[in-house]
Amino acid sequence: ALLPALPHLVHSGPMLVLPLALIPVSRRITRLVALVLMLVHALVFGLLLNWGLYGWTLAAAACLLIPSETWDARANGPRPLTVIFDDDCGLCFWVVRFLRRLDWWRNLTFVAASDEESHPDGIAAERLAESWLVVDGDGTAHAGAAGLFQVCLSLPLPWTVLGTVFAVPVAALSYRQIADNRADLSVALGLAARGTGAAAET
């Protein structure tokens, strides 16, 4: 469903990069959008077309769009998050194990939904039934794609960029379908299904 929009994005995206890069307010957001557009354009040329080093050179140059506020935030130390996940879901367990390998700085603390004693204060049980939750240091809970975006911001910079470019847009479009069908997806992928208890043993 996304493929018909890709040519339009590749064609018109670069036209928005310069205006977004020059906007003087909300630089972290506007520069991030410009970075994503530039990377999509670059990766299409690098991966799908035989244009030599054009695409890869453009992808490397996209790093110049990272604003100083982002570098300063990285320099200020760790950005701890608590990720509350469904421990009776094989797919969720696989995602947690994958994120743990990417979390070089150990910013992420993973807490099982069944372990209520370890949950941060103010987290309603009904929210855990419908989505995973990511709780930041201020106690604010982020669900769904918003939670994934917070996780990407806490990962090392290469994974932050890749997660923002690929994972967050996909999650924003399809998270609800994935969450509602995670049992069937777990079975299809050969992982433990919800309700079997096998995920906890994994």
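**View 1. Helix 5, end to end, in a predicted model.** Helix 5 runs through residues 90-102. With 1.5 Å for each residue, its 13 residues should span 18 Å, and the end C-alpha atoms sit 19 Å apart, which agrees. Look along the helix for its buried residues: Gly 90, Leu 91, Cys 92, Phe 93, Val 96, Leu 99 and Leu 102.

**View 2. Two rings on helix 5, Trp 94 and Phe 98.** These two residues are four apart in helix 5, so about one helical turn separates them. Neither side chain is tucked fully away: Trp 94 is partly exposed, with a relative accessible area of 47%, and Phe 98 is partly exposed too, at 41%. How are the rings of Trp 94 and Phe 98 arranged? Their centres are 5.6 Å apart and their planes meet at 5 degrees; stacked means under 30 degrees, so this pair is stacked.

**View 3. An aromatic cluster around Phe 45, Trp 51 and Tyr 54.** The model has five aromatic pairs. One of them joins Phe 45 and Tyr 54, whose ring centres are 5.3 Å apart with planes at 80 degrees, so the pair is edge-to-face. Phe 45 is buried, with a relative accessible area of 12%, while Tyr 54 is partly exposed, at 34%. Ring pairs also bring in Trp 51, making a cluster with Phe 45 and Tyr 54.

**View 4. The largest nonpolar core.** This core holds 20 residues, and the ones touching the most other members are Val 83, Leu 99, Leu 108, Phe 110, Trp 132 and Val 151. Strand 1 (81-85), helix 5, strand 2 (108-112), helix 7 (144-154) and helix 8 (157-180) each give two or more residues to it. Zoom in on Leu 108: setting aside neighbours within four places in sequence, Leu 108 is in contact with Leu 81, Val 83, Leu 99, Asp 103, Val 151, Ser 154 and Leu 155. Another core, of 15 residues, lies apart from the largest one, and Leu 35, Leu 37, Leu 65 and Val 161 are among its members.

**View 5. The two faces of helix 3 (residues 54-61).** Which residues of helix 3 are buried? They are Gly 55, Leu 58 and Ala 59. These three cover an arc of only 100 degrees around the axis, so they fall on the same side of helix 3. Helix 2 (27-48) is part of what covers them. Turned away from that buried side is the face with the exposed residues Thr 57 and Ala 60.

How values were computed. Residues are numbered from 1 along each chain as its sequence is written. This is a predicted model: local features need pLDDT of at least 70, side-chain atom pairs count only at pLDDT 80 or more; totals for chains, interfaces and linings use all residues. Side-chain values use heavy atoms; hydrogens and water are left out. The expected span of a helix is 1.5 Å times one less than its number of residues. Buried means under 20% relative accessible area, exposed over 50%, partly exposed in between (1.4 Å probe, protein chains only). Rings of Phe, Tyr and Trp (its six-membered ring) pair if their centres lie within 6.5 Å; planes under 30 degrees apart count as stacked, over 60 as edge-to-face and the rest as tilted. A nonpolar core is a set of buried Ala, Val, Leu, Ile, Met, Phe, Trp, Tyr and Cys residues joined through side-chain atoms within 4.5 Å. Contact means heavy atoms within 4.5 Å. The arc is that of the directions from the helix axis to the C-beta atoms.
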